[in-house]
Amino acid sequence: MKAPEPWTITIDGPAGSGKSTVAKALAAELGVTYLNTGAMYRAVALACQRGNIAYDQQDQVTDLLQTTTLAQVGDRIILNGTDETETLDAYGTEASKIAVFPYVRTFLVNIQQQIGQQQNLVSDGRDQGTVVFPNAALKFYIIATAEVRAERRLQKLKLDGRTADFEQLRLEFIERDCRDMTRSAGPLVRPRGATVICTDHYSETELLNLLLKEVRACCLG
């Protein structure tokens, strides 16, 4: 008997909407792999920093990737043979800058699709349900207002003992949304057939339970 084809659940949406948190939790509940695409882009940004390459130098970034290896093993991100998982959180803004380059996206999309051919996944990002896994078994589009996202980020920074300005955070989210939505390669859009969920008034547990209900109705859970 032929083994069943691997399936993928995609969760797309803007930065700070809660998609990564719920994607990790959903993957854990279902006992499948969480594909950390955001960390992959941050890893490329880290490689640029270490190679002394400015984030706006498309040709140099492209050349760098010719000699760069990147993989996800379990839940770890391996860059050039070294586990860099714990290093990557600080590179979100830089990642959004290099993510506009078509070759960066092609490089990472190929890696992501190869992983998806081998195992069941929950994958989150900006183009997972549109470019990477257009035939995903189930698609979600998670959104939240810039104000709510800024407040959540502010509270998280406070828990980490750091300070920030609410208005600056709000404007940074708006700027990042604009960059993500207007780039030529893999722009952030609602995937066809995706269930749209605004997380403004959901707790993390409530959002997870809502997605689990949808997944089980789709006979994947």
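Begin with the open sheet of five strands, whose order is β2-β6-β1-β7-β8 with parallel pairing; strands here are DSSP runs (E, at least two residues), as helices are (H or I, at least four), both numbered from the N terminus, and two strands pair if DSSP finds at least two bridges between them. This is a predicted model, in which local features need pLDDT of at least 70 and side-chain atom pairs count only at pLDDT 80 or more, while totals for chains, interfaces and linings use all residues. Residues are numbered from 1 along each chain as its sequence is written, and side-chain values use heavy atoms, leaving out hydrogens and water.

Select β2 (33-36) and β8 (195-198) next: they stand at the edges with a single partner strand each, so one side of each is left without a neighbour in the sheet.

Then select β1 (residues 8-12), where five of the five residues are buried (under 20% relative accessible area, with exposed over 50% and partly exposed in between, for a 1.4 Å probe and protein chains only), so the strand is largely enclosed by the rest of the structure. Thr 8, Thr 10 and Asp 12 lie on one side, Ile 9 and Ile 11 on the other, and both faces are covered.

From β1, turn to β6 (residues 121-125), which pairs with β1 in the parallel sense over five bridges, and find Gly 125 there as the bridge partner of Asp 12. On β7 (residues 138-143), paired with β1 in the parallel sense over four bridges, the bridge partner of Asp 12 is Tyr 141, and Lys 139 stands opposite Thr 10.

Finish with helix α1 (residues 19-30), which packs on the sheet and touches β1, β2, β6 and β7 (contact means heavy atoms within 4.5 Å).

Conventions: Axes are lines fitted to C-alpha atoms, for helices over the stretch in contact, and angles run from 0 to 180 degrees between N-to-C directions.
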